[in-house]
Amino acid sequence: FLRVEVALEDINDHSPVFREGRVIFRIPETSEPGSRFQLESARDLDIGSNNIQAYSISPKNEYFSVSYGTRVTGKKCLELILEKSLDREEQAEMGFSVIAVDGGSPPRSGSTEVKIVILDVNDNAPIFTQEEYIVQVFENMPEGSVVLTVLATDPDAGVNGDVTYQLNEAVGQSDSVFVIDPRTGEIKLTKPLDFEAAETHELNVRATDGGGLSAICKVLVEVVDVNDNAPELVVSSFSSPLPENTVPGTVVALFTVRDRDSGANGKISCALEDQLFFSLRPAYKNYYELVTVSALDREETPQYILSVTAADAGSPPLTTTQTFTVDISDVNDNAPVFNQTSYTMYVRENNVPTVFVGAVSAADADVGLNAKVTYSLAPEQGAERPWCSCISVNSENGHVFVLRPLDYEHLRQTEVTVSASDAGSPPLRANVTVRLVVLDENDNAPLVLYPAQDSSPASSELVPVSAQAGYLISKVVAVDADSGQNSWLSYHLLRATDPGLFSVAVQSGEVRLRRPVTDRDSVKQKLVVLVRDNGKPPLSATAALSALLLKDFSDVRLPHSSPATEEQDGSLTTYLIISLVFVSLLFLISTALFVARKVCRSKELKAGHVLYGADNLQSGLADAAAAGTLPRAYCYEISLTTGSGNSEFKFLKPILPSLPPQHCAMGQGPNEEQDFPCVPVSPEDMAPDNPGTLSAGQFN
């Protein structure tokens, strides 16, 4: 701010002006030379040398001259001076012009017509009690109020002593503000005064008697100011919106305040209601600056409504409030924020491609492009978390899709990093971890581990006929590649040679005897165990078992399902070794018997018949057939391994012995239903590879 004072230099652009264009003086003929008659001065709005400098009379006459001078009171007045005695009878009236000339170049002038009426004797003019009246009036005085009463007296009697008043305001002032009562001299207001329009009013009051003599006095009305004008606030500049990164001290608005009142009523003070982020700073005289004092944040407050109050010092004070609405424009100072610290999404295995599994969502506190969020998969940093190509995210709405079918057994969960970036410059971003959990479907059937279900012949479990109910025969072991309920397995007896003989534990798969073994039970038992999972729908598998009911091995103590079984596991190997030695000895004996029989049979073939065995065997068979007590013959193939927990037997179907024809008659007797059929045997049937022949491993 620079203080500049401008002085306006006056030019002579106004001519002197008389209030009245024509003035009438009634002068008694008895007036003495040298008498003075006051004339209202002309008014020139110019100042200095351009103001009125002289008065003159035109045309000049011998009776009157003009005088313009300063009185004792310091006021200048214009007077007509009588230079020569008047004679009404010689000249009753006369007229001339009074000319006022200013000092301009070229000079300007103004004139008024003066008419002189010569009267008969009235030798006393009215006299005011004061040459000048000064009165102070409050500007809020109501219309019609009496401002002042002037008084003029005339010592003459009769009509010459009756005084009337006439009001003339100064040149340039309105005559409608005041009015005077012509009889009482009361000056009243015709409309309210305004100190701001005119601080003083100068009036001329003329008092005239009945004889035509008059006198003039001045009335000066001083208007007293009251606090009737509120302060005015004029805004010179205003900046809105403001960027939220505006530094403190930035000028937001510049304004000036003024009050048309004077004195204390015109003294103004300004105040800002909220000074937390903004304040007022005086600039120059009545100029103020509205500045920022702290950092702004659009996300916290997007708009500030500031009220500046200007108050004067009047009583009561008047105030004016100016409201500044400051909008805060956005800058990209906020990164997107996800509504969760991490996301966990679920998808069932064997899903369809491009299946929707969930959505991520991030919000940006900024606005416009600074708040427009796009989503993408962020590349992983490091090799411990490889890039997962099976997940995709929609860049617009954050929807997460699985692009290809997944297999729970190969991939149970994976993690990716999703990045949310705004469109600011430079863009800001945030990352979040998305964990994709694959839910198991029941798509894997149970797998039987034991007994093995391959193409090789299944081994048989050995069960002594003396075993009691609850005896542990075997245990089906199966697994399921699924998880949860889909992997819960249950075991059920699907088929068996004698279903009532066996039971299967639903949870453990243990195969036990339901009841003791009887003579009616078939030696070789086949079982099919169903293994089923708990999925919906359930999947299943079957396990085939076989068991041999042995009475010749009843002395072999096989492990039972009891708490002592676990303690006797160490002696199982000993039993297996003993069984292996026994089988080996049996094999050697059988081999020797087989060789001996071959030698005997070759001799019998030469004789033309087939011997079944030794003579004692033939006679024994004949006696048993005659008595009807020969039981069925069975062939047992014993397989004992050291690596099995139980001895395994393989049952073969019963075979009928082939007897020579001469022994067929032995079966005939009173009990024919017990007779054995006689089947001819040829030398070819006695070959070692023929399955129908008797071997050393047969037991009766």
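This is a guided tour of a predicted model, giving at each stop what to select and what is there.

**Stop one: a loop close to the start of the numbering**

Begin by selecting serine 31, whose place is in the loop between β1 (22-28) and β2 (36-39). With a relative accessibility of 13%, serine 31 counts as buried, because the cut-off for that label is under 20%. If you display the atoms around serine 31, you will find a polar atom of its side chain 2.9 Å from the backbone oxygen of proline 28. Leaving aside residues up to four places away in sequence, serine 31 touches Phe37, Leu82 and Ser85.

**Stop two: the largest nonpolar core**

Next, select Phe128, Val150, Tyr165, Phe178, Val205 and Val219, which are the residues with the most contacts inside the largest nonpolar core, a set of 26 residues. To see where this core comes from, colour the elements that each give two or more residues to it, namely β9 (132-138), β10 (146-149), β12 (164-169), β13 (178-180), β14 (186-189), β15 (200-208) and β16 (214-224). The element that gives the most is β16, with 5 residues.

Which residues does valine 219 touch, not counting those up to four places away in sequence? Selecting its surroundings shows Tyr133, Leu148, Val150, Ile187, His201, Glu202, Leu203 and Val205. Another core, of 25 residues, lies apart from this one, and Val373, Val393, Leu406 and Ala420 are among its members.

**Stop three: charged pairs**

Side chains of opposite charge can pair when their charged atoms come close. The structure holds 15 salt bridges, and a few of them are worth selecting in turn.

Start with glutamate 202, already met as a contact of valine 219, and add lysine 218: their side chains meet in a salt bridge of 3.4 Å, taken from N to O. This pair links distant parts of the chain, since glutamate 202 is in strand β15 and lysine 218 in strand β16, 16 residues apart. Glutamate 202 counts as partly exposed, with a relative accessibility of 31%.

Then select glutamate 396 and lysine 372, whose side chains meet in a salt bridge of 3.8 Å, N to O. Here, too, the pair links distant parts of the chain, with glutamate 396 in the loop between β30 (391-393) and β31 (399-402), and lysine 372 in the loop between β28 (362-363) and β29 (374-378), 24 residues apart. Lysine 372 is partly exposed, at a relative accessible area of 41%.

For another pair, go to glutamate 510 and arginine 512, where the side chains meet in a salt bridge of 2.7 Å, N to O. Is arginine 512 buried or exposed? Its relative accessible area is 19%, so arginine 512 is classed as buried. Finally, select Arg298, Glu299 and Asp330 together, since these residues are linked in a network of salt bridges.

**Stop four: aspartate 333 and its surroundings**

Keep Glu299 displayed and add aspartate 333, which is found in the loop between β24 (319-329) and β25 (337-338). Aspartate 333 touches Glu299 along with Glu244, Asp297, Asp366 and Leu428, not counting residues up to four places away in sequence. A polar contact of 2.8 Å joins its side chain to that of asparagine 334. From aspartate 333 to aspartate 364 the C-alpha atoms are 9.7 Å apart in space, while the two residues are 31 apart in sequence. Aspartate 333 counts as partly exposed, with a relative accessibility of 41%.

**Stop five: two open sheets**

Select β26, β33, β32 and β29, which form an open sheet in that order, with mixed pairing. β26 (342-348) and β29 stand at the edges with a single partner strand each, so one side of each has no neighbour in the sheet. The twist from one strand to the next averages 35°. Within this sheet, 9 bridges join strand β32 (residues 413-421) to strand β33 (residues 429-439), and these two run antiparallel; glutamine 413 stands opposite valine 437 in β33.

For the last selection, take the open sheet formed by 4 strands in the order β35-β42-β41-β38, in which the pairing is mixed. Its edge strands are β35 (461-464) and β38 (490-496), each of which pairs on one side only. Neighbouring strands are turned by 35° against each other on average, with direction ignored. Between β35 and strand β42 (residues 540-550), which run parallel, there are 4 bridges, and the bridge partner of proline 464 in β42 is leucine 550.

Terms used: Residues are numbered from 1 along each chain as its sequence is written. This is a predicted model: local features need pLDDT of at least 70, side-chain atom pairs count only at pLDDT 80 or more; totals for chains, interfaces and linings use all residues. Side-chain values use heavy atoms; hydrogens and water are left out. Two strands pair if DSSP finds at least two bridges between them. Axes are lines fitted to C-alpha atoms, for helices over the stretch in contact, and angles run from 0 to 180 degrees between N-to-C directions. Buried means under 20% relative accessible area, exposed over 50%, partly exposed in between (1.4 Å probe, protein chains only). Contact means heavy atoms within 4.5 Å. A polar contact is a pair of N or O atoms within 3.5 Å; within protein, one must be able to donate a hydrogen and the other to accept it, and residues adjacent in sequence count only if both atoms are side-chain atoms. A nonpolar core is a set of buried Ala, Val, Leu, Ile, Met, Phe, Trp, Tyr and Cys residues joined through side-chain atoms within 4.5 Å. A salt bridge is a side-chain nitrogen of Lys or Arg within 4 Å of a carboxyl oxygen of Asp or Glu.
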